[in-house]
Amino acid sequence: MSDRARQLLHDVFGFESFRGSQGAVVDHVIAGGDALVLMPTGGGKSLCYQLPALIREGVAVVISPLIALMEDQVAALKQAGVRAAALNSNRTFGDSLAIERQMRAGELDLVYVAPERLLTPAFLDHLDGCPIALFAIDEAHCVSQWGHDFRPEYLQLALLHQRYPRVPRIALTATADGPTRKDIVERLDLAEGRSFVAGFDRPNICYRVVAKNSAFSQLLRFIEAEHGGTGGGQAGIVYCLSRRKVEETAARLREAGYNALAYHAGMEKAARTENQHRFINEEGIVMVATIAFGMGIDKPNVRFVAHLDLPKSLEAYYQETGRAGRDGLPANAWMTDGLQDVAKVQQMVLASDAPEGQKRIEQRKLNALLGFCETTRCRRQVLLDYFADHLPEPCGNCDTCLTPVESFDGTTVAQKALSCVYRTGEVFGAAHVIDVLLGSETPRMEKLRHDQLSTFGIGKELSKGEWQSVFRQLVAHGLLRVDMEGYGGLRLGPDCRPLLKGETTLALRHDPQQRKAKKKVAAAAAGLADPADEALFQALRQRRLALAKAQGVPPYVIFHDSTLVEIARYRPGSLEDLSRLPGVGQAKLARYGDDFLSVVADNGPA
Ligand code: ADP
Ligand code: ZN
């Protein structure tokens with residue numbers, strides 16, 4: 001590792017050492033090599049091209065698909081004293097010309113640009129006259145049709161190599177399974193380069209799936225127990241499937257005292273943009289959204305992502321939950337899962353008019369998702385297995401690790417449930433079938449004469465809640481189907497025969513029955529145990545917000561929460577002390593050091 005790179009890592013970015021493969025990538029790119037970098041969100045991809053950009057001669061050209069992301073990165077770089085700019089539709093013609101002139105004069109270290117603009121003949125002509133340090137292709141999975149954000153312009157980026165064969169290119173992404181990765185290498189012509197593939201694990205995210213009974217109250221209890229409730233001031237995202245549910249949930253959260261906003265594709269663009277802007281620039285907002293929200297959100301201190309409805313696939317789940325805890329501090333991914341949800345997603349696949357092959361892929365993806373929900377194994381192991389990334393030991397930071405789930409031989413109860421569905425004519429929903437199993441004397445029971453059935457009252461060994469969990473699992477396993485077009489009646493699935501005949505067995509999970517959520521300390525971001533440290537942390541956050549507002553930038557480009565946590569913990573007394581903390585480079589030290597030191601001095605421990 002060159003001394004110069006290490007020096008800049010410290011002076012500009014305020015870090016003592018490289019993380020994972022960062023050092024190797026930086027070396028390789030400084031030496032002029034091409035690279036594909038695959039790192040999970042929060043892994044530290046930006047540094048892999050930002051540092052070489054400072055060391056190599058000329059300007060680094062960063063291709064980025066989203067304006068919001070560019071602006072964020074440029075704001076953060078400027079705070080660190082780096083000469084950076086973004087060329088996009090936010091710039092006036094005059095500003096663009098000025099930036100281009102600076103590029104030619106070698107007065108900029110990095111320029112972010114959208115692919116459409118980069119590929120215009122005029123811009124390429126302009127580039128011909130600039131010293132270029134490197135090309136960084138961010139969100140490189142956009143080049144692949146396999147990925148989820150295919151962008152045709154990305155395909156033309158291969159021409160960079162032909163036009164500028166001596167300029168190193170570095171492609172970066174957080175989401176690329178095997179086929180996508182191969183696609184990136186082929187389409188960007190990177191075969192000669194090196195691949196740096198880090199694992200997919202996001203160790204700071206705690207994964208949890210709970211059986212749904214009353215989703216909204218469960219959500220409230222979760223935020224109270226884990227994120228300090230309305231007083232915690234923690235930012236989170238709540239995903240719902242429908243626009244209506246988004247509106248409704250946001251309204252109910254506001255009623256409960258939360259600073260909650262809505263985001264979905266049906267809103268006026270201006271309102272949507274405004275809400276997104278507030279989420280990024282203010283603290284402690286809970287964003288309730290459809291999956292339309294999230295692309296280009298780089299906010300590092302999102303402390304939780306909650307799903308009130310099932311995501312589309314495990315990839316989608318990984319991506320959506322991945323928006324939590326980019327700063328590496330503890331974060332939660334929390335999801336509720338119920339019979340209706342499972343039925344809904346099953347139905348979407350069954351009803352899809354995609355060609356047979358496509359449908360089979362969708363079914364497999366769905367099975368993987370449901371398998372994840374119903375697993376008794378470590379959730380992280382199941383998730384990483386799916387991405388062919390092996391985790392040898394259970395993680396200790398997911399619900400199944402923290403409170404191990406027992407499985408039991410569910411063969412007999414499953415047989416009872418299936419035959420009860422059959423005897424009642426395969427038209428009733430779970431609620432009534434469970435009443436039959438429990439032998440409940442409801443008026444409906446008498447009217448239908450279901451109290452005469454042989455299956456009436458044969459299921460008293462389980463409670464209603466336990467039966468609900470059994471039915472959800474039977475649907476997830478495809479042994480039961482829910483008729484979504486009619487009244488939601490349950491039908492036998494095509495594969496239930498062997499089980500009914502006793503030729504196969506079935507293991508089911510014991511869903512932990514609702515316990516009172518134990519009140520955890522309303523831990524702030526990093527779980528500062530000492531209340532005095534916590535108070536200081538909050539005071540530091542307030543100062544940061546004020547400084548950010550004054551400049552019109554998001555708070556996290558000034559300092560990340562992780563830096564504030566360190567300040568609260570170590571209480572630096574001098575600029576020199578402060579400069580040793582992670583994330584404090586020289587530019588920020590000079591600009592903000594005294595400000596934050598005075599907050600420390602004013603908030604001494606009692
Ligand atoms: P990605 O683009 O991979 O999602 P970022 O580049 O945004 O990740 O980095 C994620 C976080 O990690 C940021 O808060 C960044 O400041 C921090 N970080 C990056 N590299 C290091 C390092 N070497 N040491 C400490 N923190 C780092
Ligand atoms: Zn685990």
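**Group meeting: rings, charges and a zinc site**

So, a search of the whole structure turns up 15 aromatic pairs. Before I go on, remember that this is a predicted model.

Let's take one of those pairs. Phe200 and Phe387 have their ring centres 4.9 Å apart and their planes at 20°, so we call the pair stacked. In case the two numbers look odd, a pair of aromatic rings is described by the distance of the centres and the angle of the planes. Now, where do these two sit? Phe200 is in the loop between β7 (194-197) and β8 (205-211), while Phe387 is in the loop between α17 (379-386) and α18 (399-402), so the pair ties together parts that are 187 residues apart in sequence. Both Phe200 and Phe387 are buried.

Here's another pair: Phe222 and Trp334 are stacked too, at 4.8 Å centre to centre with 10° between the planes. Phe222 belongs to helix α11 (residues 215-227) and Trp334 to strand β13 (residues 331-337), so this pair ties together parts that are 112 residues apart in sequence. Phe222 is buried, and Trp334 is as well.

Back to Phe200 and Phe387 for a second: together with Tyr318 and Tyr386, they form one aromatic cluster. Rings can have charges over them as well. Lys299 lies over the face of Phe279, at 5.4 Å from the ring centre, and the charged end of Arg379 sits over the ring of Phe372, 5.6 Å from its centre.

Okay, on to salt bridges. How many does the structure hold? There are 33 salt bridges, and I'll show you a few.

In one of them, the side chains of Arg169 and Asp34 meet at 3.1 Å, N to O. That pair links distant parts of the chain: Arg169 is in strand β6 (residues 169-173), and Asp34 is in the loop between α2 and β1 (35-38), 135 residues apart. Are these two buried or exposed? Arg169 has 1% relative accessibility, so it counts as buried, and Asp34 counts as buried at 12%. The cut-off for buried is under 20% relative accessible area.

Next, Arg544 forms a salt bridge with Glu283, and their closest N and O atoms are 2.7 Å apart. Arg544 lies in helix α24 (residues 531-551) and Glu283 in the loop between α13 (269-281) and β11 (286-289), so the pair ties together parts that are 261 residues apart in sequence. Both Arg544 and Glu283 are buried.

Asp327 and Arg303 also meet in a salt bridge, at 2.9 Å, N to O. Asp327 is in the loop between α14 (314-321) and β13, Arg303 is in strand β12 (residues 302-307), and they are 24 residues apart. There's a network of salt bridges too, linking Asp337, Glu374, Arg472, Arg509 and Asp511.

Last stop, the zinc ion, ligand 2. Which residues hold its protein donors? They are Cys378, Cys395, Cys398 and Cys401, each through SG, lying 2.3 to 2.4 Å from the zinc ion. In sequence, these donor residues are spaced C-x16-C-x2-C-x2-C. Why do we call the arrangement tetrahedral? Because the four donor atoms around the zinc ion subtend angles of 103 to 118°, and tetrahedral needs all angles between 85 and 135 degrees. Two of the cysteines are worth comparing: Cys395 is partly exposed, with a relative accessible area of 24%, whereas Cys398 is buried, at 0%.

That's my tour, thanks!

Technical notes: Residues numbered from 1 in each chain as written. Chains lettered and ligands numbered in written order. Predicted model: local features only at pLDDT ≥ 70, side-chain atom pairs only at ≥ 80, totals over all residues. Heavy atoms only, no water. Donors = N, O, S within 2.8 Å, 3.2 Å for Na, K, Ca; no water. Tetrahedral: all angles 85-135°; square planar, octahedral: opposite > 155°, others 65-115°. Buried < 20%, exposed > 50% of the residue type's maximum accessible area, 1.4 Å probe, protein only. Phe/Tyr/Trp six-rings, centres within 6.5 Å; stacked < 30°, edge-to-face > 60°. Helix = DSSP H or I, 4+ residues; strand = E, 2+ residues; numbered from the N terminus. Lys NZ or Arg CZ within 6 Å of the ring centre and 35° of its normal. Salt bridge = Lys/Arg side-chain N within 4 Å of Asp/Glu carboxyl O.
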